[in-house]
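Reader: I would like a close look at one part of this model, the packing between a pair of helices. Please set it in the context of the rest of the chain.

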Amino acid sequence: MDANEVAKHNTRESCWVVIHGVVYDVTDFLDEHPGGSKIILKLAGTDATSEYDPIHPPGTLEETLKPAQILGPIDPSTVASLRSLPSAPPAPFAGPLPPLEAQLNIDDFAITAERVLSPKAWAYYSSAADDLFTKIHNNTAYKQILLRPRIFRDVRDVDTNTTLCGVPSTLPVFVSPAAMARLAHPTGEAGIAAACGKHGVVQCVSNNASLKPEQIAAARTSPTQPLWFQLYVQIERAKSEALLQRINKLGFTAIVLTLDAPAPGKREADERAKNVGDSMSGMSGEGVKGAVKSEGLGRALFAGTSPSLTWGDLKWLRSQTTLPIILKGIQTHEDAALAASKECIDLGVTGIILSNHGGRAADTAPPPVYTLLEIRKYAPFVLERLEVYVDGGIRRGTDVVKALCLGATAVGIGRPALYGLSGYGPEGVERVLTILREEVETTMRLLGVNSIKELGFRHINTRALDALIYQESVEVEKMAVKAKL
């Protein structure tokens, strides 16, 4: 097929794209695209390979389109005349990557990731809502908690093993769901799965992963390696139901229902970087009929996500899976108490993740460790009934240990895994996990404990946070009835 012919099909009425030398007619798919039609229309009549590849699982178009919509290969002799999107500006990193052993902490990996990632990828991974207050506060909140080391203890041996949602883990750390890992490395979420398998820790796969669940599950180091799946419920509920049926068959061990982002936050760094970029040559409307304003990757990914979930939808979720349910995005003791009600537990709620979406949803929302302190103060029974996880702001092993001392079962890391993957692949993620493991073990020894089961409130001092914790309590045990669970 001639490239000049492809270039003519650049409207909503007739939209063709080229991916890896093959021409696809995606006209009928525009309104079905999970990220919305805007993104595809900006690519109409172009070679969209560089934009498509890092985000979409291989084979997505072939499985989605009808055979008649796969129009065949483009004529190689004409491809030079096809308008394609400019490549991302070269990363400013010069010279070889620092050797892995020179990466001594999570911040080292963040510095390297900013240098090796494209500006768009870095903006998506690092961006957060509004003025970044919550993102920054997530990271600094743990510094307000002081350790209380004990002496004269035999700490030659320490044990970091635990159990998360019924499966063993060698470390009280799991990898949080984070979308589009192939922006960091071609192995994407499969590379993270391989690293987690080698370390014996749990990975939570994003609903918006850049690989299919089947591809990620196949990368496990053993068939019994635990995987959680994060679910964003779609407005078209049948799509989520079909996805859950696939997850049920793949050996995933829990469903993480994400609730802290019923709408996307305003991530300005991501929006400035754009999904494609209005400033790119030919992409400001010229030559593309019906062109639309660009938007950030984060906002585009939320297209089709339901903003209308209520506690009553847990009954629907339970009807679709027998897996344990973890509720992600708890930010108050009231919601934690509701999750710990008999009604929710009977519906399969096993755990909660205290999370503010990495500071990417409501700016000035509380750091998860504040919510954990609030639960301890007003609804301590939650810690007895549910596994309580903390996600957001973990950068050191001391952060992990402080969360455990407050009653958390484990903590999640999202950006650190992506930063480790950037440039280094699975080995970088392994190094991130190794660093955290060594720091956790060191902190335990300095506190004078041999097992994470021994960690408790007596090992920390949180008085600096007392005035920052929510000061009003409610009759949380009675709220389940009002929520119509």
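Author: What follows takes one helix pair in detail and then turns to a few other places in the chain.

The model is predicted, with a mean pLDDT of 88 for the protein and 87% of the residues scoring at least 70. Two stretches fall below 50. One is residues 85–92, which has 14 contacts in the model beyond near neighbours in sequence. Another is residues 275–294, where the pLDDT is also below 50 and the contacts beyond near neighbours in sequence number 42.

The pair to look at is helix 8 and helix 20. Helix 8 covers residues 188–199 and helix 20 covers residues 426–447; their axes come within 8 Å and cross at roughly 40 degrees. An angle counts as roughly parallel only under 35 degrees, so helix 8 and helix 20 are oblique to each other. Their crossing is right-handed.

Which residues make the contact between helix 8 and helix 20? From helix 8 come Gly191, Ile192, Ala195, Cys196, Lys198 and His199. Helix 20 supplies Pro426, Val429, Glu430, Leu433, Thr434 and Arg437. By class, the residues of this contact divide into six nonpolar, three polar and three charged.

A second pair can be set beside it. The axes of helix 10 (residues 237–249) and helix 13 (residues 313–320) come within 10 Å and cross at roughly 40 degrees, which makes helix 10 oblique to helix 13. On the helix 10 side the contact involves Arg237, Ser240, Glu241, Leu244, Gln245 and Asn248, and these meet Asp313, Trp316, Leu317 and Gln320 of helix 13. The residues of this contact divide into three nonpolar, four polar and three charged.

Elsewhere, Asn207 sits in the loop between strand 8 (202–205) and helix 9 (213–218). Leaving aside residues up to four places away in sequence, Asn207 touches Phe229, Gln230, Leu231, Tyr232 and Leu243. One of these, Gln230, is 23 residues from Asn207 along the chain, and the C-alpha atoms of the two are separated by 5.4 Å.

The last item concerns charged side chains. How many salt bridges does a search of the whole structure find? The search finds 13. In one salt bridge the side chains of Lys8 and Glu5 meet at 3.8 Å, N to O. Both residues lie in helix 1 (residues 3–8), three residues apart, which is about one turn of the helix.

Notes. Residues are numbered from 1 along each chain as its sequence is written. This is a predicted model: local features need pLDDT of at least 70, side-chain atom pairs count only at pLDDT 80 or more; totals for chains, interfaces and linings use all residues. Side-chain values use heavy atoms; hydrogens and water are left out. pLDDT is the predictor's confidence in each residue, from 0 to 100. Contact means heavy atoms within 4.5 Å. Axes are lines fitted to C-alpha atoms, for helices over the stretch in contact, and angles run from 0 to 180 degrees between N-to-C directions. Helices (H or I, at least four residues) and strands (E, at least two) are DSSP runs, numbered from the N terminus. Angles under 35 degrees count as roughly parallel, over 145 as roughly antiparallel, 65 to 115 as roughly perpendicular and the rest as oblique. A crossing is left-handed if the near helix is turned anticlockwise from the far one by less than a right angle, and right-handed if clockwise. Ala, Val, Leu, Ile, Met, Phe, Trp, Tyr, Cys and Pro count as nonpolar, Asp, Glu, Lys and Arg as charged, and the others, Gly among them, as polar. A salt bridge is a side-chain nitrogen of Lys or Arg within 4 Å of a carboxyl oxygen of Asp or Glu.
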